Amino acid sequence: MIDNEDRLVLPDSWHKHLHPRRGGLPGPAVKVSRKAPDAVRAYNLGASAHLESTFAHPGSAPELVERAREYLAGRTDPTGAAVVTATLAARPARPGDLARDAHLDAWVAEHGVGFASRAVAELSTIFVAWNGWDRSGGHRDLEVRFRRSGDHLHQWWMEAAFLRRLRTILAEGIGPALAPLLIAGVGRSAADDLRLQAEALAALPSDEAFAALVERLDTKHVQPAVLEAARRFPVRALRLLAPEAGGTSKAAGAAGELLAGHVQAHRRLAEQVLPALPEGAREVVERILKESERAPDAPVSALPSLLREPPWTRERAAAAPAVVAGLTPSPERAVSWAPGEREAWAASARPATAEDADWDAEVLAFREGTMQERPARRLLLHGPEELVRPLLADWRPRHFWYTDDWLPALVARFELDALPHALEAADANPAGNAHVLVPFLDAEAARLAANWLARLKSARPAARAWFARHGAAGVLPLVPAALGRAGRARREAESALLLVAAESGADPIVQAARDAHGPEAAAAVAALLATDPLDLLPPRIPEAGAWADPAVLPQLFLKDGRGALPDEATAHVVTMLALSKPGEVYAGVDAVRAFVTPESLARFSWGVFRRWQAAGAPAKEGWAFTQLGRLGDDETVRALTPIIRAWPGEGGHQKAVAGLEVLAEIGTEVALMHLHGIAQRVKFKGLRTRAQEKIDEVASGLGLTPERLADRLVPDFGLDAQGSMTLDYGPRRFSVGFDEQLRPYVTDEDGTPRKALPKPGAKDDPELAPAAYKAFGTLKKDVRTVAADQVRRLEESMVTRRRWAAAEFRDLLAAHPLLRHIMRRLVWLSVDGGETTAFRLAEDGTFADVEDDLFTPPATAAIGVAHPLELGDALPAWAGVFADYEILQPFPQLGRPVHALTAEERASGRLTRFEGFAVPFGRVLALTKRGWERGIPLDAGVERWISRAVPGGRYVVIDLDPGFSVGLVDHFPEQGLEHVWISDRPADFLPRVGTPYTFGELDAVTASEILADLTTLSEG
C-alpha cells in the first residue's frame, strides 16, 4: 500500500517550536521573557550610533526613519518597531548581541500578540541595503528603505535562530504554500540557515518543494535534505529524481547516485509504481532496476561466527578488573628526536627583526617585567643562550594560539627546560600544540597523550605519534592508572597499553612493568594485554545513521564464491567500521578482509563514503571517511584525489588533511603517487605543506630522502620494457607511445598514427576489446597525474644540479618504461672524478656521446641533467644532434637562455637593476611555479616578501610593496619590487643593516636561473 504523500507530517523535532492557534496542532506552552523589553531598550540605546548612521543615510526612506524614531521615543507603532529591528539585524555581530527572538518577546510582552504579528508582517516590506564600509572602515554603510523588486529575501527572519520557529509556525499553518518563500532563500543564505531552509522544504508534501531541492543538488546541505524528502515521499522521489538523473545538468550525477540508492532501498515500490511513471522517468528507473539486481545471499552457514553473532550482540560477563594499589608513575624524563627533527624545529622560528640588538638591555627589561610578549619570544629564541636560558623558568606566555613560529623552536633550543611550556601549551590547545610533546618522554605527557587518544580526534594523530616514538617506555607511566580504580583514567591508560602492544608486542611492556613495579603488576598487565581484541568494545556500541542502510550499499562477496553477505551481516560490518578510529581499527575489520573479495570490499568502502557524503558528511560519523584508508584500493585513490584537492576551496581544509592520511594509509604506488602530486602541485598552500610533511614521513620510514622516494613513486603502468603497451581487440591491435610531454598516443600495428583509440566494434572480441579500451582510459588518467610532475622534477634537478648514482640512474630512470620517453629527450652528464662526459639515451636504450659513439657511464659516476652552462663549447654540437634526430625536448635545455652576474653584482648583496619595478601581482605569484615561496603573513596578514632557497643555506629575497593580503592576493593589482637581496633566511630587508652575504656565493647555474626568473618578472 502506498502512503498518502500529500499530507504534511511535521518532524518530531519541530513540535517544540509549535505555537498554539485555533484549529492548529497542540504545542508547548509559549514562554515570553518578561525581561525582554528592558533588555531590548538597553540594547537599542547601546546601538544608537549604528541606528543614527543608518537613519541619516541619504538612501534611507524618510517615512520609515520617522516612524522608527517615533517608536524609539515611545510611540506604539509596529512599522517603527520593524524598522528598528531590521536595522539592528544588519549591525556587525559582536559579543553581547541579543538573540533575534528577544525582539519578538519584547513586542509580545509590551504590546501584545497582535502588535508582534503586525511587526513581523512589516518586516517583509523593509530592506536594509549594505553599500560597503564607510571611509573609516569602522561602520557598515547602510540604508533602510522599502523593499524593491529584485531585493533578495534573506533577512534576519530567515536566519537560523528565528527560522526554526518560523518554519514550524508557517508550515503547520499554510503547509506547502510556504515553499516559494523558502525557495527564494536557498542559495543566498549562510550555511546553517541554508540547512534549515532545505530541511523545511524536505518536509513539505509538494512537487514544487521537492523539485526545487533536486534542482539545487550541487548546493551545500541540499543532498541530505533530498535524502530525507525521499524517505518521506518515496514515490515523489522516483518521479522527480529520475528526470534530473537522466539529464545533463551539474546535478545529474548526484541525482543519479541518490536515485540508484533510493531504488535499491524501495525496489518493490519502484516495480509497483513503474507503469504509472512518466515515460522518461520510467526508462531511467527501469535501467536502474536492471543494473542494480542484487546477487543471491550466501547461506548463513557459510558465514563466520563473527558475522553471525558478533561480540556486541551477546551477553558479556563483566570480569572484575585486576587492581594493584600503591603504584606511582615512573619519574623518568627524556627527549627523543627523530632524524633532522630538532634542526627543522629550530629553523621554524620567526626571523629576528634586529641584527644589532642590545641583549643585556633586553634581558634587564625582561627581568623587570616591562617587555611585551613578542619581544620576549624573540629574546628567548635569538638571544645568547647563556643569558636567556635562566629566564625561561619564570616566563609564562599570555596564550598558546598560533605558536608554529616560536613554540617548536623554543622546544628545540631548550629541550627539557621547555617541557613545562610544552605541557601547558598542549593542554591548553591540543589541536594546535599536541605535536610539540612528541619528543618528550614524561609521565604527564603520557597522561595527556592517552587522554587525547581516547577522546580528542584533532589531537589523536599526535597521541599516536607520541606512543609510536616512545613505545613501552611511554606507557610505563600509565601502568598505575591501568591497574587502578575503575574510571576514565583507567580506561584511557588501558587503551594506550593495548595500542602499543598491538604495534610492538606485549612482552616489552610486561617486562617494563616487572622492572618498575614487580611481578604482581607484571601479571596484571599481561592479563590485560591478553584480552581477545574482538572483545575490546566501548561501553556504548555506535549506531550508524539511516544513510548506511545495507540495502543500498554495494554488496560484499565471499571469496569462496558462495554468494554475498546478507544485509544483517553487512550491518555488522558497518558497525565494525563505526567502532574503528584512525590508526585504531577494530580487530573484526581485518577478519572480514580475510574472507570477502578485495574488489567488492573496495566498492563497498567507496559506497559507504559516498552515502555519508550525500547525508551531509556528519562529523560524528567521520569513520565513514577514514575507513577508506583501510579498505580502499587504487580506484578509490583515483576517485578521492580530486575531492581532496577541491575541499580546501569549499571550506574543508581539515577534511582534505584527513584525506592525505587516507592516501598514505592505502599506501600503494598509485596512492603515494597521488599524494606526492598534491605535495608538489595544489593551489592551497596549507594542504600542499601538509602533503609534503606526509611524504617526508613516508620517506623517513623507508630510510630515503623525499627526492629519492619520488624517484620510486612512478608506476610502470603496465608498460613493456620498451615503454609501450599493446591494446588487444582480438582481430586488431593497437600500440601506445608517448610524446615529449608524456602524452600517450595510439598507432595501428603498422605504426600509422591514430587521432584516438577507436571504441570497440561489433567485430571485436567482446571481452578483450572493452577491457583494452578501459585500460587505455585508465592509463591516460594515471599518466596525466604524473607527467607534468616528472617533467617539472627533471627541470628542477637540472637547475639544482642534482646527481644520481649510476645504478639508480639506470634502474629508476633510464630503464623505467614511462620515464625513458623523456630521458632520451635530454642531454645528461656523467661526472666521475675529474672526468665529465655528456651523453644521451638512444632509442634502443644504449647511451651515446655527442659523436654518437657508444658510451657507458662508470659505475662510480654521478649522473644528472646537463645545464647548458655545463656543456660549454659542446652546446652547439648537441643542439645539432637533437635537430638531426628531430628530438623535441620536454622543457628548454639546449635552447635555454643563460645569464651572468656583473662583477659589481657578484661583490654585492643586492641586485639593484631589478629594484623599483611595479609588476602585475600575477607575475609575482607565477614565481611559485619556479621554486619561489611566498612569505609568512606578518602584521595585518600581509606577506611582504617572496623568496627562493639557493645552495649554501642562502635565500634570494624580493621585498614587495605593499605585499600580498592573505585571502585577497589580487587586492593590490601591482606589486613593487622594493629590494632584491641575498640572506640566510627570508625576512624584510633593513637598509641600515644591509646583508653580509654576496651574490658571488652563487654558482654560475644558480645565478643564471635566478637572473632568468628576475628578468621574466621585471620585463614580462
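Let's start with two helices, H1 and H5. H1 covers residues 36-46, and H5 covers residues 101-111. They pack at an angle of about 120 degrees. Their axes are 8 Å apart. That makes H1 oblique to H5. The crossing is left-handed. Keep in mind that this is a predicted model.

Which residues of H1 meet H5? Ala36, Pro37, Val40 and Arg41 do. On the H5 side, they meet Ala102, His103, Asp105, Ala106, Ala109 and Glu110. By class, this contact has six nonpolar residues, one polar and three charged.

Now to the strands. A quick reminder: strands of a sheet pair through backbone hydrogen bonds, either parallel or antiparallel.

Take E5 and E6. E5 spans residues 725-728, and E6 spans residues 733-738. They pair in the antiparallel sense, over four bridges. Look at Asp728: its bridge partner in E6 is Arg733. The hairpin of E5 and E6 has four residues between the strands. In that hairpin, Gly730 takes a positive phi near 95 degrees.

E6 also pairs with E7, residues 744-748. How many bridges join E6 to E7? Five, and the two strands run antiparallel. Here Ser735 stands opposite Thr747 in E7. The hairpin of E6 and E7 has five residues between the strands. This time Leu742 is the residue to find: its phi is positive, near 60 degrees.

Next, please move along to the sheet with E9 in it. Five strands form this open sheet. The order is E9-E13-E10-E11-E12, and the pairing is antiparallel. Which strands stand at the edges? E9, residues 804-805, and E12, residues 847-848. Each has a single partner strand, so one side of each is left without a neighbour in the sheet.

Inside that order, E13 sits between E9 and E10. Let's zoom in on E10 and E13. E10 is residues 828-832, and E13 is residues 862-865. Four bridges join these antiparallel strands. For one example, find Ser830: its bridge partner in E13 is Ile863.

Last, a helix that goes with this sheet. H40 runs from residue 768 to residue 800. Which strands does H40 lie across? E9, E10 and E13. H40 runs at about 115 degrees to E13.

So, three stops to revisit on screen. There is the left-handed crossing of H1 and H5. There are the hairpins, with Gly730 in the one of E5 and E6 and Leu742 in the one of E6 and E7. And there is the open sheet of five strands, with H40 lying across E9, E10 and E13.

Terms used: Residues are numbered from 1 along each chain as its sequence is written. This is a predicted model: local features need pLDDT of at least 70, side-chain atom pairs count only at pLDDT 80 or more; totals for chains, interfaces and linings use all residues. Side-chain values use heavy atoms; hydrogens and water are left out. Two strands pair if DSSP finds at least two bridges between them. Contact means heavy atoms within 4.5 Å. Axes are lines fitted to C-alpha atoms, for helices over the stretch in contact, and angles run from 0 to 180 degrees between N-to-C directions. Angles under 35 degrees count as roughly parallel, over 145 as roughly antiparallel, 65 to 115 as roughly perpendicular and the rest as oblique. A crossing is left-handed if the near helix is turned anticlockwise from the far one by less than a right angle, and right-handed if clockwise. Ala, Val, Leu, Ile, Met, Phe, Trp, Tyr, Cys and Pro count as nonpolar, Asp, Glu, Lys and Arg as charged, and the others, Gly among them, as polar.
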